[in-house]
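Q: I'm new to reading protein structures. Could you walk me through one, feature by feature?

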Amino acid sequence: VLWPEAKNIASLVAKGNIDLADHAANITDIKVDFGGPVMTAAFVAQPKGRMDAAFDVALTLKNIPLDDFAAYWPEQVAPKPRAWITEHMKAGVLSEFTATASGQGQWDRPDDMHLLKAQGKIAVQNATIHYYKTLTPIIGMSATADFDQHDMRIKVTGGSISNAKSLPATILIEGLSAPLQTITLWPKLEGPVATVMGVLDEAPLGYARELGFNPKDIDGQAHVEAEFKFPLLRELPMADVKISTQAKITKFAAKDMIKGLPVTDGTLTIDLTNTGFTMQGDAAFNTVPMTLGWNEYFSVANDTDVRRHMDLAGTLTPDQIGKLGLDAGAAAKGKSTAKLSIDKTRAGVMSLQLDVDATQSELRLNDIAYEKTIGQKFLLSVSGQTAENNQLVLQNISIKGDGVRVQGKGVINSETGAI
């Protein structure tokens, strides 16, 4: 039985011949009009014994509303892909479904017919696709698919999520003849980074919040290519979905990514997986050009393990150093190279390492009665860690250079910033 429920048929035409004595059939022209959707088919069966038969079937369905497709796609034919497509693709029209199949079985037991070979194609227009059931769907997309008894390959074109454009993408369903199928999705999006990060912040992902981003406070343009891979089970926790996402972001801007340093003009790359997040590139921090490296480790287990690592580096003038909230001295000239590294543990303890090479700067440090000209060696190194009272304890302050050597430690006042 192809369909468990009766269907209204406007007209039916079938041409061919059936030999009941030899258990053979050759029906070459079947046309069924369901009052809009139309099915054409052909069926050939050859005897293989008293009750055994080999069969070949060709089937075409046209102009079916996608929301009604489940009623016309027989449950016995590729049941797992059928379930995913009919549950995750909505609205729109299935403009054409074609399939051919070969198999064998017994005339008196049609439900036990064994499929030996199958292939076909599907075309969908103006549909809505839910890549994952709780995430915002892509609307207005089109898709074509081809399949055989082993795999189904779906190519998606067009569509959008809010003001982000969906680019051509691929879906692969593997293992159709196996007890368990696997699906891999390669969605692609292009548009405002706030929209893309908003999708990545939806439950059960929540990546923007995990990283401290508020999608409403960031700007820029993003090109994102993702991969989702998981077994085709009806109830599947997000932890069992393999995720890999790469993004290129231009004109990135954020108000509160680093406290007190608004970020603008960012050109960044992002790599996001189940286990971590990496952001690299160049941006302006309070208008100062810097290079950023940011790593998040989602799977750390112990409170003392590093959960976040950030590097910020650049070559700075005294004016730019001031814009970063530091004081290079009134008489400073030239340029200094600086690198700030910050680690934050799972428990929230932060440590930092600051290294500055001011060899190519002219400096006057009144607190230690020291002056230097451009070309004289001057290296500053500072390391510290947050304490329980949220004070930053500087465990080491070191200055090494021509005519100067300083070693010390201190505490940064959390309210005034003074050492």
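Q: How many helices and strands does the protein have?
A: This is a predicted model, and the protein in it has five helices and 27 strands.

Q: Is the protein a compact globule or more spread out?
A: To judge that, set the radius of gyration beside what the globule rule gives for the chain length. Here the radius of gyration is 32 Å, well over the 22 Å that the rule gives for 419 residues, so the protein is more spread out than a compact globule. You can also look at the C-alpha trace, which spans about 115 × 35 × 35 Å along its principal axes.

Q: What share of the residues is buried, and what does the protein expose?
A: Buried residues make up 39% of the 419 residues. The protein exposes about 22,400 Å², and carbon and sulfur atoms supply 52% of that.

Q: Where do the charges sit on average, and how many are there?
A: There are 40 positive and 48 negative charges, and their mean positions are 3 Å apart.

Q: What about contacts between residues 24 or more positions apart: what share do they account for?
A: Take the contacts with a separation of 6 or more. Residues 24 or more positions apart account for 47% of those.

Q: Which residues have the most contacts inside the largest nonpolar core?
A: The general idea first: in soluble globular proteins, nonpolar side chains tend to be buried together. In this structure the largest nonpolar core has 93 residues, and those with the most contacts inside it are Trp-84, Ile-122, Phe-213, Met-257 and Phe-285. Strand S14 (residues 218–231) gives the most to this core, with six residues. Apart from it lies another core, of seven residues, including Ala-332, Ala-358, Tyr-370 and Val-404.

Q: Can we zoom in on one of those? What does Ile-122 touch?
A: Leave out residues up to four places away in sequence, and Ile-122 touches Trp-73, Ile-85, Leu-94, Glu-96, Phe-97, Ala-143, Thr-144, Ala-145, Phe-147 and Met-152.

Q: Now helices. Which residues of H2 are buried?
A: A handy general point: an α-helix has 3.6 residues a turn, so residues three or four places apart point the same way. In helix H2 (residues 79–88), seven of the 10 residues are buried, so this helix is largely enclosed by the rest of the structure. The buried ones are Pro-81, Arg-82, Ala-83, Trp-84, Ile-85, Thr-86 and His-88. Trp-84 and Ile-85 should ring a bell: Trp-84 has been named for its contacts in the largest core, and Ile-85 is touched by Ile-122.

Q: And how many residues of helix H3 are buried?
A: Helix H3 (residues 193–200) is mostly covered, with six of its eight residues buried. Those are Val-193, Thr-195, Val-196, Met-197, Val-199 and Leu-200.

Q: How do I read a single residue in a strand? Is Ala-169 buried or exposed?
A: Find its element, check its accessibility, then list its contacts. Ala-169 is in strand S11 (residues 169–174). Its relative accessible area is 4%, under the 20% cut-off, so Ala-169 is buried. Beyond four places in sequence, Ala-169 touches Tyr-131, Ile-154, Lys-155, Val-156, Trp-186, Pro-187 and Lys-188. For a sense of distance, Ala-169 and Lys-372 are 203 residues apart in sequence and 60 Å apart in space, C-alpha to C-alpha.

Q: Where is His-223, and what is it in contact with?
A: His-223 is found in strand S14. At 23% relative accessibility, His-223 counts as partly exposed. Leaving aside neighbours within four places, His-223 is in contact with Leu-167, Leu-189, Glu-190, Gln-246, Ala-247 and Lys-248. His-223 and Ile-249 are 26 residues apart in sequence but 6.5 Å apart in space, C-alpha to C-alpha.

Q: Last one: which value does phi take at Ala-91 and at Ser-162?
A: Ala-91 has a positive phi of about 55 degrees although it is not a glycine. Ala-91 lies in the loop between strands S5 (89–90) and S6 (93–106), and with a relative accessible area of 31% it is partly exposed. For Ser-162, phi is near 55 degrees, a positive value in a residue other than glycine. Ser-162 lies in the loop between strands S9 (151–161) and S10 (164–166), and at 63% relative accessible area Ser-162 is exposed.

Methods. Residues are numbered from 1 along each chain as its sequence is written. This is a predicted model: local features need pLDDT of at least 70, side-chain atom pairs count only at pLDDT 80 or more; totals for chains, interfaces and linings use all residues. Side-chain values use heavy atoms; hydrogens and water are left out. A nonpolar core is a set of buried Ala, Val, Leu, Ile, Met, Phe, Trp, Tyr and Cys residues joined through side-chain atoms within 4.5 Å. Buried means under 20% relative accessible area, exposed over 50%, partly exposed in between (1.4 Å probe, protein chains only). Helices (H or I, at least four residues) and strands (E, at least two) are DSSP runs, numbered from the N terminus. Contact means heavy atoms within 4.5 Å. The radius of gyration is taken over C-alpha atoms; the globule rule is 2.2 Å times the number of residues to the power 0.38. Accessible areas come from the Shrake-Rupley method with a 1.4 Å probe; for residues, only the protein chains shown count as cover. Lys and Arg count as positive and Asp and Glu as negative; His and the chain ends are not counted. The place of a charge is taken as NZ of Lys, CZ of Arg, CG of Asp or CD of Glu.
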